[in-house]
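Reader: Could you walk me through this structure while I have it open? I would like to begin with the cysteines.

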Amino acid sequence: MSRQRLVMIGNGMAGVRTIEEIIDRDPDKFDITIIGKEPYPNYNRIMLSNILQKKMTVEETIMNPYSWYEENGIALITGESATRVNREKHIVETEKGREIPYDICIFATGSKAFVLPIPGHELPSVIGWRTIEDTERMIEIAQNKKEAIVIGGGLLGLECARGLLDQGMNVTVVHLAEWLMEMQLDRQAGDMLREDLEKQGMKFELGANTKEIVGDQDVEAIRLADGRVLPADLVVMAVGIRPFTQEAIDSGIDVERGIVVDDFMRTSDPEIYAVGECAQHNGKVYGLVAPLYEQGKVLADHLTGRPTEGYQGSTTFTSLKVSGCDLYSAGQIQEDEEVEGVEIYNSHDHVYKKIFLKEERVVGAVLYGDTDDGTRFFNMMKKREPIEDYTLVSLLQKVGEEASSSVADMDDSETICGCNGISKGTIVSAIVEDGLTSVAEVTKATKAGNSCGKCKPQIGELLEHTLGGAFVASKPAGICDCTELTRDQIVTQIRAKGLKTSKEVRHVLDWKNKGGCPKCRPAINYYLNMVYPHEHEDEKASRFANERYHANIQNDGTFSVIPQMRGGVTNPDQLIRLGEVAKKYDVPLVKVTGSQRIGLYGISKEDLPKVWKDLGMRSASAYAKKTRSVKSCVGKEFCRFGTQYTTRLGIRLEETFEYIDTPHKFKMGVSGCPRSCVESGVKDFGVIGVENGFQIYIGGNGGTEVTKGQFLTTVETEEDVIQLCGAYMQYYRETGIYAERTAPWLERMGFENVKEYVLDPERQKALYDRIMDAKRAVAEEPWSEIVNDQTDQKIFKVEKV
């Protein structure tokens, strides 16, 4: 039996989920083509706020990479819009003149941001936030401008405002209603949210109507209905969305607010369907992801011949976390003659809970400050569970009383992931049958947690409940026993909350041990130095002993002194000085090191400042998690096999990046020919000179586990090498876990991802600029300061008894 031709117009979350569901049910039924107007594979639009808030990269929002389309035999067209469906010829026409035949066509065109039709709305810096391109444009404007206006105090507007604050802008939210998120929150919760956001620096104009955006060439201000003028460099419209229906209208399909569909998502043409934000079912359109995924499942069942009762509408919920403000809203949240509300308010802990009851059943809920009961209320609403077994106090779980529900008590049919409609039973079955042991594995197997991500704590509880000891025995997520936070979570919170000291990090992020431990103290100090190279004062007490003493401690308690010899190059004066100092202090061992330097070994702690003063040389930083010396051969200058001036390049690299902190030691090697006398292939950044330039290898490590470097690219000039090295090192600095060498980092990040990122010209230049900024913040060579500062020398003094 030949396959039917299925063409989907739209490459967003709802549409691609529908395709996933179809493939899961019958992978051989359709030849599938997807047309997307954005130049990306399917990405998580919910996470655009995380890009703006510096929590995620664009790459991390991708839900279905290009490889997924290839593996499933899907023809993907990106960066191109469909313009019309020729229903007589069964052809989808595109803006570039393609004609794609279909047997079944699905509209999944989503929605577009509604832009208020007021004077000035066409100015360049007026943005209806909806896409990656919009997000990148906002970030670009924030680099040079300061005043932002967000029109709309709903879910999208507040997440946008928080992101623009994180980008360094002054943000005012202009909202027509009297309180924030009036469609999801009652006045009490809306006012609590405003108070908390004002503490974070957000400003509000409530009950305010924008009449005009002022400016000639670009945005300069907005004018309110009461005549006041607010300065602005950027205006973001977050006043709602409208179904994108133009292609359907042009195709002669019935359209009202959205594309009209029946219970099986069928349009007025029986061979054309619609799903997602563009579809209108029973007079209603949906803008939240959970209903859209429910529609996708119904349509997949219908198209693959599975029995289905059709789509019956959805109970929607909203969950939001803006820099520590937790809120949850579901169902009907306004009281009337038939609906009454029951609430509790804890002013001390800033917690508010209100449920809405109709005919002794929960029909709505608003939670602020403590949203743990959100899933429970949502399940009660979906199942229309009566409240006769509850007192109102136990139903609300008043503060001070033990919670009556946990994942262990939940029925297998109850929903854990509201966005994707994944039940407890589905997750538990996957854990048991597939041997899953982590939240990430559960998400990959079941899709639970891959949309807004707010159910992941409950998934963790289910893992713990199901696996018992096996789950406890698995590797903890936290960087140490003091915290359960990962490296990425800590760095995100440092940026989001503006934490500037290790003490602030440990207290604000609620470390179990507020004093920290030897594992987390140096890590946090590194992350703060990386995030705030100019503002953070290095916390020397948090560093390891070798870094505090600027020397490597030996097995007998003495230390080594290793002066800098850039590129392994020295001169007669340095050699004489080294010999004189070695004699003066009776140094037991003088040795050429593996990094082409000369080391003095066996020096007592109290003699370190005196030895360095007598040497008058710079430190090679051979003791720290920093950029180390660059090993080089003589190259073209003397070697008959040499193709490039490698000694010169080695010196330039070392001089450019010396003393910069990295997650672990960062070694470089520059060889003049493929014979690679300096083992460039096992360096963190290895360079091999060839006739047409320089081959670059990354992620090579020596030590107990030798890792061969991977070939990255070939560049033409020394300047190219230096810029690429800086970009690669900065990417490692910004994403590496403290004490993680580049080999495991590269494996964790993925070689192809790193390659794509650092070879992109714009990203490469931005990374290089950031590492040069970090270099400017690095203190001078440490020993030149210590030998002239009696205070700094105190730690080297040994008390005599």
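**Cysteines and a helix pair**

Reader: How many disulfides are there?

Author: The count comes to zero disulfides, a disulfide being a pair of cysteine sulfur atoms within 2.5 Å. This is a predicted model, in which local features need pLDDT of at least 70 and side-chain atom pairs count only at pLDDT 80 or more, while totals for chains, interfaces and linings use all residues. Residues are numbered from 1 along each chain as its sequence is written, and side-chain values use heavy atoms, with hydrogens and water left out.

Reader: Which cysteine sulfur is nearest to that of Cys-278?

Author: That of Cys-105, which is 10 Å away, and Cys-278 is in no disulfide. Cys-278 is also buried, at a relative accessible area of 0% (buried means under 20%, exposed over 50%, partly exposed in between, with a 1.4 Å probe and protein chains only).

Reader: And why is Cys-520 not bonded to Cys-517?

Author: Because the sulfur of Cys-520 lies 3.8 Å from that of Cys-517, its closest cysteine sulfur, which is too far for a bond. Cys-520 counts as buried too, at 1% relative accessibility.

Reader: Switching topic, how do the axes of α24 and α25 cross?

Author: The axes of α24 (residues 751–759) and α25 (residues 761–777) cross at roughly 80 degrees and come within 5 Å, the axes being lines fitted to C-alpha atoms over the stretch in contact, with angles from 0 to 180 degrees between N-to-C directions. That makes α24 roughly perpendicular to α25, a term covering 65 to 115 degrees, with under 35 roughly parallel, over 145 roughly antiparallel and the rest oblique. Helices here are DSSP runs of H or I with at least four residues, numbered from the N terminus.

Terms used:
Helix = DSSP H or I, 4+ residues; strand = E, 2+ residues; numbered from the N terminus.
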